[in-house]
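Here's a quick tour of a protein model, one topic at a time. Keep the 3D view open and click along as you read.

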Amino acid sequence: MKKALLISPIGDVGSPIRTRANFIEQELVKKGLKDTFRIEVRRADKITDPTQKIYNKIINDIISCDLLIVDTTNNNPNVMFELGIGVILDKPLLLLRNKNQINRESIPFDIQDLPFLSIPMFFKDYNDDYKKLEEDIKSSKVEISKGIKSFLENKESKKMGVLPTEIKETINGFFKSNELNKIQSLEKEKEGLLKRINELNGQLENDQARKTEYFISKLNQVSDINDLPPRFIDECCNFGDELEVYPENLVHARRLYNALLIHQKDNESVYYRLARVNYSIWQKQSTGKKLKSEELYSSIKYANKVLAINPNYPNVEWLMEKLKKEMSNLKQ
């Protein structure tokens, strides 16, 4: 038995587009064709395979069918994409189109010269003229039946023949060879790698959180900063700089700097880092939260402390200008 693949706009369940898709499938295409012409008609969205991505499933469905029946009404992008694949694979085509859209103005330029079979308009366009609707349905069934019969009896050229033979053979060879399987295999490998990267990122975030707690606990255990190893403060600051590289770790960096501030009340380096990290946290917030956020005010406060201690501290004037501009925009 021959297999036909029906491609049409689908729409959401219960929508007018889905109702029309079901009508075209059941009333215009399927009814009587299976028994009369020995052809099985399946709609693309009803062929499910959870092991394949949508793109791969579409290609495989089109490769395996003997005939493509395509409803081009309204020039749906998904339909046109799938029609393009069918053209490349040189599949026999039966093109359907809303009867009031069979004109050169509404048909895309590239397919204007192809033959279209007229199908009924959307039900609402008949304005309750059920007699006219019934006539169009009957006429469409006859046209589609003729098109199917012509395909099966091979009375007319079944294919478009728009591609040179050598190109057709190359393209068909690609899709039917192991190359497509290789691509699918690489995609699965890519998914596995991305999953592993996400796992490693999660581990890294956990490691950085634990390291933050280590530094903070050390700082909280002493009353005099001099009781800690000589380079401990530098290690804390350097680790805080590393944390600021990743947006999800900005809060950890701020906690670390606040713990340092307990022991380094007049350290312009710690004040600058607090100004910088609070500004970064503020930038991440949505517009609504920014209006109520305290981070921008805290950033300005710490930047002013840096200027009071050392007006020439690197980048602090540049940061203060940005903060003032943000504050001005916020008040507008």
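Let's start in a loop: Asparagine 75 sits between β3 (67–71) and α4. This is a predicted model, so treat everything below as a reading of a prediction. Zooming out, the protein chain has 13 helices and five strands. Of its 332 residues, 41% count as buried. Residues 24 or more positions apart make up 63% of the chain's contacts with a separation of 6 or more.

**Two asparagines with an unusual backbone angle**

- Asparagine 75 isn't a glycine, yet its phi is positive, at about 55°.
- Asparagine 75 counts as partly exposed because its relative accessible area is 27%, and partly exposed covers the range between under 20% and over 50%.
- Asparagine 315 has a positive phi too, about 75°, and again it is not a glycine.
- You'll find Asparagine 315 in the loop between α12 and α13.

**Around strands β3 and β4**

- Aspartate 71 lies in strand β3.
- Is Aspartate 71 buried or exposed? With a relative accessible area of just 3%, Aspartate 71 is buried.
- Leaving out neighbours within four places in sequence, Aspartate 71 is in contact with Ile7, Ser8, Pro9, Arg20, Ile24, Val79, Leu96, Arg97 and Ile119.
- Take Isoleucine 24 from that list: it is 47 residues away from Aspartate 71 along the chain, but their C-alpha atoms are separated by 8.8 Å.
- Asparagine 98 belongs to strand β4 (residues 93–98).
- Asparagine 98 is buried as well, since its relative accessible area is 1%, under the 20% cut-off.
- Which residues does Asparagine 98 touch, not counting those up to four places away in sequence? They are Arg20, Thr73, Ile119, Pro120, Met121 and Phe122.
- Arg20 and Ile119 turn up as partners of Aspartate 71 and of Asparagine 98.

**The nonpolar cores**

- How many residues are in the largest nonpolar core? There are 39, and those with the most contacts inside it are Leu219, Cys236, Leu256, Leu260 and Leu323.
- Six helices each supply at least two residues of this core: α7 (178–221), α8 (232–244), α9 (250–263), α10 (268–284), α12 (295–309) and α13 (316–331).
- Helix α10 gives the largest share, with nine residues.
- Apart from this core lies another one, with 21 residues, including Val29, Val41, Ile69 and Tyr126.
- Click on Leucine 260 to see who it touches: setting aside residues up to four places away in sequence, they are Leu219, Ile233, Cys236, Cys237 and Val270.

**Alanine 253 in helix α9**

- Helix α9 is where Alanine 253 is found.
- Alanine 253 counts as buried, with 0% relative accessibility.
- Alanine 253 touches Gly240, Leu243, Glu244 and Val277, again skipping residues up to four places away in sequence.
- Alanine 253 and Cysteine 237 are 16 residues apart in sequence, while in space they are 9.0 Å apart, C-alpha to C-alpha.

**Two cysteines, no bond**

- A disulfide is a covalent bond that links the sulfur atoms of two cysteines.
- Why don't Cysteine 236 and Cysteine 237 form one? The closest cysteine sulfur to that of Cysteine 236 is in Cysteine 237, but it is 6.8 Å away, so it is too far for a bond; the cut-off is 2.5 Å.
- It works the other way round too: the closest cysteine sulfur to that of Cysteine 237 is in Cysteine 236, at 6.8 Å.
- The count of disulfides comes to zero.
- Cysteine 236 is buried, with a relative accessible area of 0%, and Cysteine 237 also counts as buried, at 6%.

**The second largest pocket**

- The second largest pocket has a volume of about 360 Å³.
- Its lining has 19 residues, and Ile10, Asp45, Ile58, Asn78 and Glu82 lie nearest the centre.
- Which elements give two or more residues to this lining? They are β1 (2–7), α3 (54–64) and α4 (77–88).
- By type, the lining residues divide into ten nonpolar, four polar and five charged.

Note on methods. Residues are numbered from 1 along each chain as its sequence is written. This is a predicted model: local features need pLDDT of at least 70, side-chain atom pairs count only at pLDDT 80 or more; totals for chains, interfaces and linings use all residues. Side-chain values use heavy atoms; hydrogens and water are left out. A nonpolar core is a set of buried Ala, Val, Leu, Ile, Met, Phe, Trp, Tyr and Cys residues joined through side-chain atoms within 4.5 Å. Buried means under 20% relative accessible area, exposed over 50%, partly exposed in between (1.4 Å probe, protein chains only). Helices (H or I, at least four residues) and strands (E, at least two) are DSSP runs, numbered from the N terminus. Contact means heavy atoms within 4.5 Å. On a 1 Å grid over the protein atoms alone, a cavity is a set of points where a 1.4 Å probe fits but cannot get out, and a pocket is an open set with protein on both sides within 12 Å along at least five of seven lines; lining residues have an atom within 4 Å of a point. Grid points are joined across faces, edges and corners, and a volume is the space filled by probe spheres set on the points. Ala, Val, Leu, Ile, Met, Phe, Trp, Tyr, Cys and Pro count as nonpolar, Asp, Glu, Lys and Arg as charged, and the others, Gly among them, as polar.
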